Amino acid sequence: MKSKQIKSTKPRINVITLGCSKNIYDSEILMGQLKGNAFDVVHESEKVGRNDIVVINTCGFIDNAKQESIDTILQYSKLKEQGKVGKVIVTGCLSERYKPELEAEITNVDAFFGTNNLHELLQNIGADYKHELLGERLLTTPSHFAYFKIAEGCNRPCSFCAIPLMRGKHVSTPIDELVLQAKKLAASGTKELIMIAQDLTYYGLDLYGKRNLDELLRRISDVEGIEWIRLQYAYPSGFPMEVLDVMNERSNICKYLDMPLQHISDNMLRSMRRGITKQKTIDLVNQIRDKVPEIALRTTLITGYPGETQQDFEEMQQWVMDTKFDRLGCFTYSHEEKTHAYDLVDDVLEAVKQERSEAIMEVQQLISHEKNYQKIGETFKVLIDKIEGDFLVGRTEFDSPEVDNEVLVDAREQYAVPGSFVNVKIDAAEDFDLYGKIVQPKQTASLAEALAVHS
């Protein structure tokens, strides 16, 4: 006689993630804890159940992100009013920054938590924080790559940035803990770690009394099964050049660096409190390229910061033309409460901010077009991310997911399993995409063939 299965009475948890890769990481840790507590947990499910608990992990960085977070909270609070979901819980950066205002305005949300309240959030749901689950996550990305957060918070004084208000001071995660996390990810099939923090280059100062990113990279690159390690969000001031030595030493550290520079005009850099000058920035970029000639440099810039003149903008535009970054994103300035820049007059019209941003991206489009066409005829190691329509979609070591170029292979002619590495010879290029065919690596000649050639 078959025993009757007892159905769990625990509610299903639907986690909604908004914002950056650091929020993705936080949601994955939360979901790992919930699974460890025997909850049925899903990520951004479109199906809603009347007993579901919806946890919204919000972003509060700039105006557009804040509005998206508020719209999402209102969407699910309305579903709660209609009896279509059970509870709505809000966490993350927006509720860290604006909890009193949100509680006053959106009264039917069950609870608001900040960025460092995981224990309390779990307790509210009826779960316990399990220390033995250190490093356990439910990945929301394809299993072959994962965001790998090495530190929380930021000690930098940038005038425009609200991150320290939402994430607190810089706190590094110990190397041994990170190695353990990397081993667990590798054991579950993860091949690429995308190292993230608000400032990677500050890593270790609080724990070890020195910048220790180079040692961390060596330890992580020793983890069997990790084939690519990618560095994102490196601050320019005080950049530890020894990191580049490790990049040259270790083949599984991608020759890729994401370094948000924000501007180049000395007037703007000074007001932004970036701790670096135009000439030092130019020298740093040149030094990095001299040490690692193949490196792909990504940066982000801001247009329309308070006091930005047409001359400041044109200086930045010319610098972009001259520097020819491999990857670049440009954002318009957002006037954020309680930041140092909030005391300044937000004097650049929104239309001008947008016009300047678009002008920078037009320059970058031409640069990307030129660089991509130079790759025709070359062969690259490519990680296949997915199959989309008629194409296998992948990336080279010079490209991060979501934000950078893609390599497309006609899936009607060739096939590769998502998560696998293949060699692709590029035969066509567009502004931000490469097209090619999978080729087999050249085989080493046998001894008999070698002797025949020399006889």
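Here is a chat between a trainee and a mentor about helix packing and empty space in a predicted model.

Trainee: Hi! How do people describe two packed helices?

Mentor: Two packed helices are described by the angle between their axes and by how far apart those axes lie.

Trainee: Okay, so at what angle do helix 8 and helix 9 pack?

Mentor: Helix 8 covers residues 213–221 and helix 9 covers residues 242–249; they pack at about 20°, and their axes are 8 Å apart. Angles under 35 degrees count as roughly parallel, so helix 8 and helix 9 are roughly parallel to each other.

Trainee: Is the crossing of helix 8 and helix 9 left-handed or right-handed?

Mentor: The crossing of helix 8 and helix 9 is right-handed.

Trainee: And which residues meet there?

Mentor: From helix 8 you have Leu-213, Asp-214, Leu-217 and Arg-218, and they meet Glu-242, Val-243, Val-246 and Glu-249 of helix 9. Sorted by class, this contact of helix 8 with helix 9 has four nonpolar and four charged residues, with no polar ones.

Trainee: Nice. What about helix 2 and helix 3, are they roughly parallel or roughly perpendicular?

Mentor: The axes of helix 2 (residues 63–81) and helix 3 (residues 93–105) cross at roughly 80° and come within 11 Å. Angles from 65 to 115 degrees count as roughly perpendicular, which means that helix 2 and helix 3 are roughly perpendicular to each other.

Trainee: Who makes the contact?

Mentor: Helix 2 brings Lys-66, Ser-69, Ile-70 and Ile-73, while helix 3 brings Leu-94, Arg-97 and Tyr-98. The contact of helix 2 with helix 3 has four nonpolar residues, one polar and two charged.

Trainee: Got one more pair for me? How do helix 11 and helix 12 pack?

Mentor: Helix 11 and helix 12 (residues 310–323) pack at an angle of about 15°, and 13 Å separates their axes. Helix 11 and helix 12 are therefore roughly parallel to each other, and helix 11 passes helix 12 in a right-handed crossing. On the helix 11 side the contact is made by Lys-278, Thr-281, Ile-282, Val-285 and Arg-289, and on the helix 12 side by Glu-315, Trp-319 and Thr-323. By class, the contact of helix 11 with helix 12 splits into three nonpolar, two polar and three charged residues.

Trainee: Switching topic: how many cavities of 30 Å³ or more are there?

Mentor: The count comes to one cavity of 30 Å³ or more. The largest cavity holds about 30 Å³ of space.

Trainee: What lines the largest cavity?

Mentor: The lining is Met-259, Leu-261, Val-285, Ile-288, Leu-297, Arg-298 and Phe-325. Helix 11 (278–291) and strand 12 (296–303) are the elements that give two or more residues to it. Six residues of the lining of the largest cavity are nonpolar, none is polar and one is charged. You have met Val-285 before: this residue of helix 11 is also part of the contact with helix 12.

Trainee: And the second largest pocket, how much space lies in it?

Mentor: About 810 Å³ of space lies in the second largest pocket. It is lined by 33 residues, and Tyr-25, Asp-26, Ile-29, Leu-118 and Lys-149 are the closest to its centre.

Trainee: Which helix gives the most to that lining?

Mentor: Helix 1 does, with six residues in the lining of the second largest pocket. Among the elements that each supply at least two residues are helix 1 (21–36), helix 4 (118–125) and helix 6 (175–187).

Trainee: Last one: what classes make up the lining of the second largest pocket?

Mentor: That lining has twelve nonpolar, 15 polar and six charged residues.

Technical notes. Residues are numbered from 1 along each chain as its sequence is written. This is a predicted model: local features need pLDDT of at least 70, side-chain atom pairs count only at pLDDT 80 or more; totals for chains, interfaces and linings use all residues. Side-chain values use heavy atoms; hydrogens and water are left out. Axes are lines fitted to C-alpha atoms, for helices over the stretch in contact, and angles run from 0 to 180 degrees between N-to-C directions. Helices (H or I, at least four residues) and strands (E, at least two) are DSSP runs, numbered from the N terminus. Angles under 35 degrees count as roughly parallel, over 145 as roughly antiparallel, 65 to 115 as roughly perpendicular and the rest as oblique. A crossing is left-handed if the near helix is turned anticlockwise from the far one by less than a right angle, and right-handed if clockwise. Contact means heavy atoms within 4.5 Å. Ala, Val, Leu, Ile, Met, Phe, Trp, Tyr, Cys and Pro count as nonpolar, Asp, Glu, Lys and Arg as charged, and the others, Gly among them, as polar. On a 1 Å grid over the protein atoms alone, a cavity is a set of points where a 1.4 Å probe fits but cannot get out, and a pocket is an open set with protein on both sides within 12 Å along at least five of seven lines; lining residues have an atom within 4 Å of a point. Grid points are joined across faces, edges and corners, and a volume is the space filled by probe spheres set on the points.
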